[in-house]
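Visitor: I'm new to this one, so please pick a single part and take me through it closely.

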Amino acid sequence: MRTVIGIAGLLAMASCVGAIIFLLLDKMNIAVPLLVAGTIVLIVTKVASSVVFRREQRK
């Protein structure tokens, strides 16, 4: 589970970096959805990571 969360976080960060590059190239129609999707996935992976961490501490 940790591996899946880590890979999803890595892909989300890469999409946010890609969105910044598109913003610098003035490609707003590509950058904004990419940035929004990357931010949402980062938030979801952060929540999932904290849930997994709390479950492991209970054991």
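Guide: Helices here are DSSP runs of H or I with at least four residues, strands are E runs of at least two, and both are numbered from the N terminus. Let's settle on helix α2, where you'll find Val32 and Thr45. A quick heads-up: this is a predicted model, in which local features need pLDDT of at least 70 and side-chain atom pairs 80 or more, while totals for chains, interfaces and linings use all residues. Residues are numbered from 1 along each chain as its sequence is written, and side-chain values use heavy atoms, leaving out hydrogens and water.

First, the setting. The protein has two helices and zero strands. Its radius of gyration (over C-alpha atoms) is 14 Å, well over the 10 Å that the globule rule (2.2 Å times the number of residues to the power 0.38) gives for 59 residues, so the protein is more spread out than a compact globule. Along the principal axes, the C-alpha atoms fill a box of roughly 50 × 15 × 10 Å.

The partner of α2 is α1, which runs over residues 2–24, 23 residues in all, and reaches 33 Å from its first C-alpha to its last. After α1 comes Asp26, with a positive phi near 60 degrees, and α2 itself covers 28–58.

Now for the side of α2 that is tucked away. Thr45 is buried (under 20% relative accessible area with a 1.4 Å probe, protein chains only; exposed is over 50%, partly exposed in between), at 11%. Setting aside neighbours within four places in sequence, Thr45 is in contact (heavy atoms within 4.5 Å) with Ile5, Ala8 and Gly9. Ile5 and Gly9 are among the buried residues of α1, along with Ala12, Ser15, Cys16, Gly18 and Ala19. Part of what covers those buried residues is α2. Across the whole protein, buried residues make up 19% of the 59.

Then there's the surface. Val32 counts as partly exposed, at 41% relative accessibility. Val32 also belongs to a nonpolar surface patch of about 570 Å², together with Leu23, Met28, Leu35, Val36, Ile40 and Val44. Nonpolar patches join side chains of Val, Leu, Ile, Met, Phe, Trp or Tyr within 5 Å, from residues with over 30% relative accessible area and no salt bridge (a Lys or Arg side-chain nitrogen within 4 Å of an Asp or Glu carboxyl oxygen). Of everything in the patch, α2 gives the most, with six residues.

Notes
The expected span of a helix is 1.5 Å times one less than its number of residues. Patches are made of residues with over 30% relative accessible area and no salt bridge: like charges are joined within 9 Å, nonpolar side chains (Val, Leu, Ile, Met, Phe, Trp, Tyr) within 5 Å. Accessible areas come from the Shrake-Rupley method with a 1.4 Å probe; for residues, only the protein chains shown count as cover.
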